[in-house]
Amino acid sequence: MRHPPRSGLLVVLGAAVALLGTAVAPVLTASGATPACTVEYSVTSAWDAGFQGSVRITNNQAALSSWSLAFDFGAGQKLTQGWNAKWSQSGTTVTAANESYNGSLGTGASVSAGFIASRSGSNPVPASFKLNGTTCNVDSESSPTPTPTPTPSPTVPPAPEAGAPALHVSGNKLVDSGGATRRLLGVNRSGGEFACVQGNGIWDGPVDDASVGAIADWKVNTVRIPLNEECWLGLSNIKPEYAGANYIAAVKDLVAKVKAHGMTPMVELHWSWGLYTGNSAGCSDVHASCQKPMPDMQYSPAFWTSVANTFKADQAVVFDLFNEPYPDRATSTAAQAWTCWRDGGTCPGIGYEVAGMQDLIDAVRATGAKNVILAGGLAYSNDLSQWLTYRPTDPAGNLAAAWHIYNFNSCSSESCWDSTLAPVAAQVPLVAGEIGENTCAHSFVDRVMKWFDDRSLSYLGWTWNTWNCATGPSLISGYDGTPTAFGIGLRDHLRAIG
């Protein structure tokens, strides 16, 4: 859906103490003077062979027109990618230099940047930092490095936690490790894509065990979890309590709860960075505050690298690459739109560098993750007419097609489904990641579910949130699972076939 309705260990130059998700005031020097600069360094996520880190630089001296931060890794860590700065590494020294858009750093101003690096064994915090050659007094936050877990065998899927099966693609079906077909039947749990960027928290409504259990009570076996890339990466425009380590921990916690109730978690990039004000623009904001026509090369590959590293040990988690692409609204031909969709780069009508579906698949697979990946088509994922022609390459062979359908979409008739969906479903698994209607009723989704049931395909209702269904499809009026008139249709149907 395009528019939800709303709009510790403190390290002081080597001595370690724990603190996560909290900005720290500059440390005073022995003479009581404010230091020239303060750097807060944090490890926001870590996995067996790597980690995601961030730096927050505060300038306490005269205003700077450009900046460059330098520090040394102390245990063989290697920088692999970064954002919000030009990152490089020479020997042990890492340098982050400003981008063209964030070089100005006034007195008292701060800027944040993030990176991903590999590691083996220990992951100590850098001992010192220099901003434009000046040594900073350092406040630093660091999460303890977790005990490394064995790297999964490339040929044997890693065992998931109890409650939800590991999945892979077999022909045009999703199957578990025993070869049994698993249709993904469930709901979307919206909130993680918008609450954080709006400064209202991480979720919309409760995500405790009782509320997740209420979802399972509908005989749901899959929950789609929309996410925001700026919140995950901890960019500086997001309140720190809703970003970076705090946001990642909240997502991991919800994924664990979903799995504990026997349901498949599907994590999905919903809102992303990039300035787009063209045809059908959702907003005029460069930040991830609305649906953009395509993911961006600046942050989206880094987002998926981090997400994939976070969940690659568990093939029960499904990855949905991007909510609702619509490059067709910006380009003049279908060929241009589909090429943009697959290959990214400089796309007609889109002012930022685009990450194509192939770029995002490559980012996921480069981590070693073999999780099932979904890729939606054009027209807000409603057009799969040339999905097979432009199908990206997945070296793991675990790619499925995603499709969205509402009663107001163009492809909303059985004849369209027969002509455009059936050929795709004959070759790869097809998942309707969002189904819904804006009538506060369920006659349309009843037709959708019948068509998908007849072909043993997957679908998920939008959305498990207590919004007024007149402003958008809402399945529930209470987080105890009380259905709306629209939700009754999905609930009763899932219970009947479950």
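## An open antiparallel sheet

In strand β6, T95 is the bridge partner of S88. The model is predicted. Five bridges join β5 to β6 (residues 93–97), and the two strands run antiparallel.

They belong to an open sheet of five strands, ordered β5-β6-β3-β8-β9, with antiparallel pairing. β5 (86–90) and β9 (134–135) stand at the edges with a single partner strand each, so one side of each has no neighbour in the sheet.

## Nonpolar cores

The largest nonpolar core has 109 residues. W232, F319, W387, W403, W417 and F452 have the most contacts inside it. Helix α3 (residues 244–260) gives the most to this core, with seven residues. Another core lies apart from it and has 25 residues, including C37, W87, A96 and L105.

W387 has a long contact list even when its neighbours within four places in sequence are left aside. W338, W341, A375, G377, L399, A400, A401, V424 and V428 are in contact with W387.

## Aromatic pairs

The count of aromatic pairs comes to 31. One of them joins W338 and W341, edge-to-face, at 5.1 Å centre to centre and 75° between the planes. Both tryptophans lie in helix α5 (residues 334–343), three residues apart, about one turn of the helix. W338 and W341 are both buried. The pair of Y406 and F408 is stacked, because the planes stand at 10°, under the 30 degree limit, with the ring centres 5.3 Å apart. Y406 is buried, with a relative accessible area of 2%. F408 is partly exposed, at 39% relative accessibility.

One aromatic cluster is formed by Y41, F51, F71, F73, W87, F115 and F129. Elsewhere, a charge meets a ring: the charged end of R455 sits over W451, 3.9 Å from the ring centre.

## Surroundings of S272

S272 lies in the loop between β15 (264–271) and α4 (300–311). Is this serine buried or exposed? S272 counts as buried, because its relative accessibility is 0% and the cut-off is under 20%.

Residues up to four places away in sequence are not counted among its contacts here. S272 touches E229, H287, A288, C290, K292, M294, P295, D296, S300 and F322.

## Disulfides

There are six disulfides. Counting bonded cysteines along the chain, they follow the pattern 1-2, 3-4, 5-6, 7-8, 9-10, 11-12. C196 and C231 form one of these links, with sulfur atoms 2.0 Å apart. The link of C196 and C231 is right-handed, with 95° about the S-S bond. C196 lies in the loop between β13 (185–188) and α1 (209–216), and C231 in helix α2 (residues 229–233), so the pair ties together parts 35 residues apart in sequence. Both cysteines, C196 and C231, are buried.

C283 and C290 also form a disulfide, with sulfur atoms 2.1 Å apart. This link of C283 and C290 is left-handed, at -65° about the S-S bond. C283 is buried at 19% relative accessibility, and C290 is buried at 3%. C290 also appears among the residues that S272 touches. C411 and C416 form a disulfide with sulfur atoms 2.0 Å apart. The link of C411 and C416 is left-handed, with -115° about the S-S bond. C411 is buried, with a relative accessible area of 5%, and C416 counts as buried at 19%.

Methods:
Residues are numbered from 1 along each chain as its sequence is written. This is a predicted model: local features need pLDDT of at least 70, side-chain atom pairs count only at pLDDT 80 or more; totals for chains, interfaces and linings use all residues. Side-chain values use heavy atoms; hydrogens and water are left out. Rings of Phe, Tyr and Trp (its six-membered ring) pair if their centres lie within 6.5 Å; planes under 30 degrees apart count as stacked, over 60 as edge-to-face and the rest as tilted. Helices (H or I, at least four residues) and strands (E, at least two) are DSSP runs, numbered from the N terminus. Buried means under 20% relative accessible area, exposed over 50%, partly exposed in between (1.4 Å probe, protein chains only). A charge sits over a ring if NZ of Lys or CZ of Arg is within 6 Å of the ring centre and within 35 degrees of the ring normal. Two strands pair if DSSP finds at least two bridges between them. A nonpolar core is a set of buried Ala, Val, Leu, Ile, Met, Phe, Trp, Tyr and Cys residues joined through side-chain atoms within 4.5 Å. Contact means heavy atoms within 4.5 Å. A disulfide is a pair of cysteine sulfur atoms within 2.5 Å.
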